[in-house]
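Subject: Structure handover

Hi,

Here is the structure for your files. Please look it over before reading on.

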Amino acid sequence: KNTINTKIGGIMYYLSVYIFTINLMGFILMAMDKNLAKNNKLRIPENALFLISLLLGSIGILLGMYIFRHKTKKKGFVYGIPSILLMQLIVLYYLF
């Protein structure tokens, strides 16, 4: 059977996998950038970290910020990432 509920279930599954994956990527990128910063190596651009956040990876970026103590003195990250997360949660709430 190909019902609407089956299609919605499939969409939710793929959306969940995507959200998990993008957040894991964000978390790993924060760890990598912290390590690069400690070793004075070429860094991951801040725009790339914000892009991951905008693509629904804000939880991973936020967790990475505080677990690795990275970018926690930059106001753009301290206020920007939680703001992006809040907007995403509001949108997802109204969509689902």
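Below are notes on the core, one helix and the aromatic pairs.

This is a predicted model: local features need pLDDT of at least 70, side-chain atom pairs need 80 or more, and totals for chains, interfaces and linings use all residues. Numbering runs from 1 along each chain as its sequence is written, and side-chain values use heavy atoms, without hydrogens or water.

The core. The largest nonpolar core (buried Ala, Val, Leu, Ile, Met, Phe, Trp, Tyr and Cys joined through side-chain atoms within 4.5 Å) has twelve residues, including I22, I52, F77 and L85. Buried means under 20% relative accessible area, exposed over 50%, partly exposed in between (1.4 Å probe, protein chains only). Helices α1 (4-38), α2 (46-67) and α3 (75-95) each supply at least two core residues. Helices are DSSP runs (H or I, at least four residues), numbered from the N terminus. The most comes from α2, with five.

Helix α3. Buried here are F77, G80, I81, I84, L85 and Q88. They cover an arc of only 130° around the axis (directions from the axis to the C-beta atoms), so they sit on the same side of α3. They pack against α2. The opposite face carries exposed residues, among them K75, Y79 and Y94.

Aromatics. Rings of Phe, Tyr and Trp (its six-membered ring) pair if their centres lie within 6.5 Å; planes under 30 degrees apart are stacked, over 60 edge-to-face, the rest tilted. That gives four aromatic pairs. Y13 and Y14 have ring centres 5.2 Å apart and planes at 75°, so this pair is edge-to-face. Both residues are exposed.

Best wishes

Terms used
Contact means heavy atoms within 4.5 Å.
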